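Trainee: Could you take me through one part of this model closely? I would like to look at the open sheet, strand by strand, and then at what surrounds it.

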Amino acid sequence: MTTQTDQRSTGAPVVALGTPLVGGSHERTHGAGTAGLTEVEAERSARLAAVRAGDLGSVHSWELVTAVDGPGTRLTVFLAGCPLRCLYCHNPDTMEMRRGTDVAADDLLRRVQRYRGVMKATGGGLTISGGEPLMQPAYVRRLLRGAKAMEVHTAIDTSGFLGTQLSDEMLDDVDLVLLDVKSGIPETYRKVTGQDLAPTLAFGRRLAERGTRTWIRFVLVPGLTDAVENVEAVSDYVASLGECVERVEVLPFHQMGRDKWDELGMRYELGDTEPPSPELVERVRGQFRARGLTTF
Ligand code: SF4
């Protein structure tokens with residue numbers, strides 16, 4: 001992984017994308033870094049102007065994946081920075097924007113152009129993930145617009161907490177939203193993430209009103225999110241969104257990200273938590289399916 005955090009206080013190295021390594025969204029670890037992307041250097045005020053314009057963004061890593069983060073083969077870009085502090089986060093190194101690397105939007109879009117053929121042939125596209133991509137809305141706007149100008153399918157992977165940052169104009173350039181609903185009960189949501197549930201619920205309703213194609217993701221953590229009433233609340237909410245929801249993915253908790261917490265000197269509270277049993281996973285999937293939701 002490329003890290004340029006020490007240079008960001010004075011200027012902005014930006015990195016070019018290269019060979020992809022396996023990274024991941026919220027349920028898998030991101031290890032790729034920004035190899036191949038060109039690191040951008042800019043004087044501080046010039047950097048701020050470029051960030052505001054969406055020309056420059058803070059990127060954690062990228063990877064080329066198939067059958068995750070949306071349909072087909074996808075170029076998934078993980079942006080740095082997140083307002084949530086999920087206890088089970090598998091990539092706590094994406095929480096702080098300063099840990100990312102400055103990458104020019106044009107550089108990323110050249111990468112999209114390079115993989116356009118394989119993405120089109122497989123029904124894939126670009127997925128913008130994080131961290132929380134909507135921490136950098138101007139950059140996301142540039143990437144979405146650039147990808148759509150190339151007629152590339154676009155997806156955004158978000159908790160919805162900053163959903164108001166995604167304007168209607170930007171949503172016009174989004175083909176698919178991967179919406180992480182981390183709990184259905186506000187108290188549990190706050191325990192899991194440190195934040196309020198309401199913005200996520202409001203964002204999902206907006207997607208439903210617009211008819212934006214949506215996949216829901218729910219991370220199942222024994223002792224944290226698995227209570228029957230919590231899953232009932234999530235599944236009731238998801239069912240209320242209607243036809244915009246194409247599928248629900250129940251993602252079993254695992255311990256693959258725990259080393260990163262240690263490396264960052266951060267306190268990890270789920271050290272004694274086991275992955276859910278197959279029976280528990282089936283019970284939870286069954287709660288979604290009972291509402292007619294296509295669930296994996
Ligand atoms: S939303 Fe939660 S799981 Fe995803 S990057 Fe932020 S803290 Fe980690």
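Mentor: We start with the whole chain, then go through the sheet and end in the loops.

This is a predicted model. The protein has 9 helices and 10 strands. The radius of gyration is 18 Å, close to the 19 Å that the globule rule gives for 296 residues, so the protein is as compact as a globular protein of that length. Along the principal axes, the C-alpha atoms fill a box of roughly 55 × 40 × 30 Å. Of the 296 residues, 47% count as buried. Long-range contacts are well represented: among contacts between residues at least 6 apart in sequence, 75% join residues at least 24 apart. The UniProt record, an unreviewed entry, places the feature "domain: Radical SAM core" at residues 68-291. That span is 39% helix and 19% strand, and its end C-alpha atoms lie 24 Å apart.

Now the sheet. It is open and built from 8 strands, in the order E5-E3-E4-E6-E7-E8-E9-E10, with mixed pairing. Strand E5 (101-104) and strand E10 (245-252) stand at the edges. Each has a single partner strand, so one side of each is left without a neighbour in the sheet. On average, neighbouring strands are turned by 30° against each other, direction ignored.

Take the E5 edge. E5 pairs with E3 in the antiparallel sense, over 4 bridges. Gly 57 has Val 103 of E5 as its bridge partner. In a regular strand the side chains alternate between the two faces of the sheet. In E5, Thr 101 and Val 103 point one way, while Asp 102 and Ala 104 point the other way. All four of these residues are buried. So an edge position in the sheet goes together here with buried residues.Helix H2 (residues 105-122) comes next. H2 lies across strand E3 (56-66), strand E4 (73-79), E5 and E6. Against E4, the helix runs at about 155°.

Move on to E6 and E7. Strand E6 (residues 125-129) and strand E7 (residues 153-158) run parallel, joined by 4 bridges. Ile 128 has Ile 156 as its bridge partner in E7.

Further along, strand E8 (residues 176-180) pairs with E9 in the parallel sense, over 4 bridges. Leu 179 stands opposite Ile 216 in E9. Strand E9 (residues 214-220) is mostly covered, with 6 of its 7 residues buried. E9 also runs parallel to E10, and 7 bridges join the two. Here Arg 217 has Glu 249 of E10 as its bridge partner.

What fills the interior? In soluble globular proteins, nonpolar side chains tend to be buried together. The largest nonpolar core holds 67 residues. Val 77, Leu 143, Ile 216 and Phe 218 touch the most other members. Follow Val 77 outwards. Leaving aside residues up to four places away in sequence, Val 77 touches Val 59, Trp 62, Leu 108, Ile 128 and Ser 129.

Last, the loops. Most residues other than glycine have a negative phi, and most peptide bonds are trans. Several spots depart from that.

Asp 69 sits in the loop between E3 and E4. Its phi is positive, about 60°, although Asp 69 is not a glycine. Asp 69 counts as buried because 27 C-beta neighbours lie inside 10 Å.

Glu 151 belongs to the loop between H3 and E7. Glu 151 also has a positive phi of about 60° without being a glycine. Its surroundings are sparser in count: with 9 C-beta neighbours inside 10 Å, Glu 151 counts as exposed.

The peptide bond from Gly 130 to Gly 131 is cis, with omega near 15°. Gly 131 lies in the loop between E6 and helix H3 (137-149).

One more loop lies beyond the sheet. Asp 272 is in the loop between helix H8 (258-263) and helix H9 (278-289). Asp 272 is exposed, with 6 other C-beta atoms within 10 Å. The C-alpha atoms of Asp 272 and Gln 255 are separated by 9.5 Å, and the two residues are 17 apart along the chain.

Methods: Residues are numbered from 1 along each chain as its sequence is written. This is a predicted model: local features need pLDDT of at least 70, side-chain atom pairs count only at pLDDT 80 or more; totals for chains, interfaces and linings use all residues. The radius of gyration is taken over C-alpha atoms; the globule rule is 2.2 Å times the number of residues to the power 0.38. A residue is buried if 20 or more other C-beta atoms lie within 10 Å of its own, exposed if 12 or fewer, and partly exposed in between; C-beta atoms are placed from the backbone. Two residues are in contact if their C-beta atoms, placed from the backbone, lie within 7 Å. UniProt positions are given in the numbering used here, feature names are shortened, and annotations may be inferred rather than shown by experiment. A nonpolar core is a set of buried Ala, Val, Leu, Ile, Met, Phe, Trp, Tyr and Cys residues joined through C-beta atoms within 7 Å. Two strands pair if DSSP finds at least two bridges between them. Axes are lines fitted to C-alpha atoms, for helices over the stretch in contact, and angles run from 0 to 180 degrees between N-to-C directions.
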